[in-house]
Amino acid sequence: MDFSIKAFDTKNTITSAKTGCVAVAVFENKKLSQAAQSLDGSGEITAALKSGDITGKPGSTLLLRGVTGVAAERVLLVGLGNVEGVTEKSFTGAVQAAVKVFSTLGAADAIIALPMTEVKERDVNWAIRTVVQIARDAAYRSDAQKSKKDPAPAGVRKLALAVPNNAATKLALAQAIAIANGMQLTKDLGNLSPNVCTPTYLAETAKKLGKDYKFNVEVLERKQLEALKMGSFLSVTNGSEQPPKFIVIKHMGGKPKDAPVVLVGKGITFDTGGISIKPGPGMDEMKYDMCGAGSVLGTFRAIGELGLKLNVIGIVAACENMPSGRATKPGDIVTSMNGLTIEILNTDAEGRLILCDALTYAERFNPAAVIDIATLTGACVVALGHHHSGLFTRDDDQHNALAEELANAGKAVSDTTWRLPIGEQYNEQLKSNFADLANIGTPGGASCTAAAFLENFTRKYTWAHVDIAGTAWKSGGAKGATGRPVPLLTNFLIGRT
């Protein structure tokens with residue numbers, strides 16, 4: 001879908017706009033938004049509202065054709081609830097309802113003229129991003145691997161947003177489109193079957209991004225990883241025929257001496273659990289265990305499009321976790337890149353085993369901050385459901401500031417986090433009689449002990465861990481990758497420019 005800004009004034013009025021459809025808001029107490037009032041010269045909109053054909057409740061709609069004195073072929077009335085205050089929820093519901101109707105129309109273009117400057121505690125930039133994201137989500141198709149594609153829906157393909165046309169709104173629209181493009185790449189990677197989206201496929205995707213946006217891309221192979229003594233990462237790959245890939249992608253848009261932000265993504269392209277094998281039902285969804293890696297690549301797609309003046313480095317540790325005669329066994333002890341030994345009590349706690357070596361590797365960049373992103377623990381889903389990503393940092397002034405920065409960046413784009421604790425009490429749960437650490441803790445607080453495990457490998461820089469196990473994927477009828485947390489990460493990086 002193509003997006004543009006359409007500003008209206010006394011000379012260029014919404015009444016004279018020639019378009020297939022214009023969407024305007026009405027309210028529950030039979031009030032009209034300013035745009036609706038402008039189109040109501042003949043009183044037809046007021047009459048429709050008074051008749052009860054539309055209630056004004058959030059998300060209710062009524063389509064009118066041939067409204068007298070209006071150049072648009074159709075006027076779509078969309079309910080926004082209480083006129084005293086448009087909430088984030090009611091605005092989002094209204095946009096979703098409008099986009100749904102747009103998809104059914106025999107019109108190629110439309111204008112969405114909902115009150116984007118009147119949402120409580122939100123600005124017009126948030127409204128622009130919301131419209132773009134909802135429209136792109138609705139248009140997204142997951143049928144790339146079908147021999148016969150689903151019928152392409154008709155309807156609107158060009159959507160104009162009725163907001164002031166200035167530098168700020170143009171930038172907000174460009175950022176919204178870039179984030180949506182990044183989310184689409186992340187969704188595509190997460191939805192591909194695991195026999196296609198292998199570690200090698202992720203490496204090729206990174207190389208293509210490098211070619212498209214002039215990123216520097218390096219892919220380390222097994223021999224190089226052995227030379228680096230990444231024994232923890234390599235232990236996860238032992239049972240697989242697919243070669244591991246350690247991908248480093250660099251966007252050096254800032255000053256040469258500026259410390260980079262490093263994003264580290266978990267890239268388990270399929271997770272059987274290894275010898276600690278998972279139950280069969282739902283195992284097909286374990287192709288999404290690379291969504292941390294996918295979100296790093298999607299974020300690079302967004303920042304490459306925006307040309308951010310910031311140094312950003314992405315690290316993706318990619319492999320499969322498979323059972324075989326060569327697979328790592330419960331009870332094995334491996335040595336990580338930083339020299340700590342790890343007793344592997346459960347081979348299904350593999351994400352932390354690949355991330356710990358990636359986090360050690362990040363030290364060489366003298367980073368301003370390191371953020372790892374991973375579908376790490378089912379316990380995070382139990383704690384937070386599918387609403388918030390889990391956010392973990394150390395509890396000190398520097399890390400509290402990073403946590404607040406990330407939380408605010410996510411809130412601004414409706415890609416929210418919730419901070420959970422780590423600390424020595426969780427490290428106590430990771431003690432082993434035979435190694436420096438165990439890869440799982442004693443019962444209780446499993447998402448916190450997983451984060452505490454990672455913290456042991458991050459003490460030379462400022463670090464945060466984002467657990468996206470509950471937010472990166474949807475099951476059931478809406479099964480598929482969500483594209484989160486690309487909005488959070490991209491907005492965080494934008495805020496650092």
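This is a dialogue on how to read the fold, strands, rings and one loop residue of a predicted model.

Biologist: Where should I start: how many helices and strands does the chain have?

Modeller: Begin with the inventory. The chain holds 15 helices and 19 strands. Then look at the overall dimensions. Taken along the principal axes, the C-alpha atoms fill a box of roughly 80 × 50 × 45 Å.

Biologist: What does the radius of gyration of the chain say against the globule rule?

Modeller: The radius of gyration is 25 Å, and the globule rule gives 23 Å for 497 residues; the two are close, so the chain is as compact as a globular protein of that length. Burial and contacts add to that picture. Of the 497 residues, 56% count as buried. Among contacts with a separation of 6 or more, 77% are between residues 24 or more positions apart.

Biologist: Now the strands. How many residues of strand S10 are buried?

Modeller: The general idea is that in a regular strand the side chains alternate between the two faces of the sheet. You therefore check each face separately. Strand S10 covers residues 311-321, and 11 of its 11 residues are buried. On one side these are Asn311, Ile313, Ile315, Ala317, Cys319 and Asn321. On the other side they are Val312, Gly314, Val316, Ala318 and Glu320. Both faces of S10 are thus covered.

Biologist: Which strands are joined to S10, and in which sense do they run, parallel or antiparallel?

Modeller: Follow the bridges. Strand S8 (residues 245-252) runs antiparallel to S10 and is joined to it by 8 bridges. For example, Val248 has Ile315 as its bridge partner in S10. Strand S9 (residues 261-271) runs parallel to S10, with 10 bridges between them. There, Val262 has Ile313 as its bridge partner.

Biologist: What links S9 and S10 in the β-α-β unit?

Modeller: Helix H9 (residues 291-306) does: S9, H9 and S10 make a right-handed β-α-β unit. Another such unit is made by S5, H4 and S6, also right-handed. S5 and S6 pair in the parallel sense over 4 bridges, with Ile111 opposite Ala160 in S6. On S6 (residues 158-161) there is also strand S1 (residues 2-5), parallel to S6 and joined to it by 4 bridges. Phe3 has Leu159 as its bridge partner there.

Biologist: What is the order of the open sheet of 3 strands?

Modeller: The order is S11-S12-S16, with mixed pairing. To find the edges, look for strands that pair on one side only: here they are S11 (333-335) and S16 (437-438). S11 and strand S12 (residues 341-343) run antiparallel and are joined by 3 bridges. Ile333 stands opposite Glu343 in S12.

Biologist: Next, the rings. How many aromatic pairs are there?

Modeller: The count comes to 8 aromatic pairs. For each pair, read the centre distance and the angle between the planes. Phe91 and Trp126 are 5.7 Å apart centre to centre, with 50 degrees between the planes, which makes the pair tilted. Phe91 lies in helix H3 (residues 88-102) and Trp126 in helix H4 (residues 124-139), so the pair ties together parts that are 35 residues apart in sequence. Phe91 and Trp126 are buried.

Biologist: What are the distance and angle for Tyr361 and Phe365?

Modeller: That pair is edge-to-face, at 5.9 Å centre to centre and 65 degrees between the planes. Tyr361 and Phe365 are both buried. They belong to one aromatic cluster with Phe233 and Phe246.

Biologist: Which charged residues lie over the face of a ring?

Modeller: Check the distance to the ring centre. Arg364 lies over the face of Tyr361, at 4.0 Å from the ring centre. Lys187 lies over the face of Tyr140, where the distance is 4.8 Å.

Biologist: Last, a loop residue. Is Ala113 buried or exposed?

Modeller: Place the residue, then read its accessibility. Ala113 is in the loop between strand S5 (109-112) and H4. Its relative accessible area is 6%, which is under the 20% cut-off, so Ala113 is buried.

Biologist: Which residues does Ala113 touch?

Modeller: Not counting residues up to four places away in sequence, Ala113 touches Ile14, Val22, Ala23, Val24, Ala35 and Ala162. For scale, the C-alpha atoms of Ala113 and Gly267 are separated by 41 Å, with their positions 154 residues apart along the chain.

Notes:
Residues numbered from 1 in each chain as written. Predicted model: local features only at pLDDT ≥ 70, side-chain atom pairs only at ≥ 80, totals over all residues. Heavy atoms only, no water. Phe/Tyr/Trp six-rings, centres within 6.5 Å; stacked < 30°, edge-to-face > 60°. Helix = DSSP H or I, 4+ residues; strand = E, 2+ residues; numbered from the N terminus. Buried < 20%, exposed > 50% of the residue type's maximum accessible area, 1.4 Å probe, protein only. Lys NZ or Arg CZ within 6 Å of the ring centre and 35° of its normal. Pairing = 2+ DSSP bridges. Right-handed = clockwise from strand over helix to strand, strands pointing away. Rg over C-alpha atoms; globule rule 2.2 N^0.38 Å. Contact = heavy atoms within 4.5 Å.
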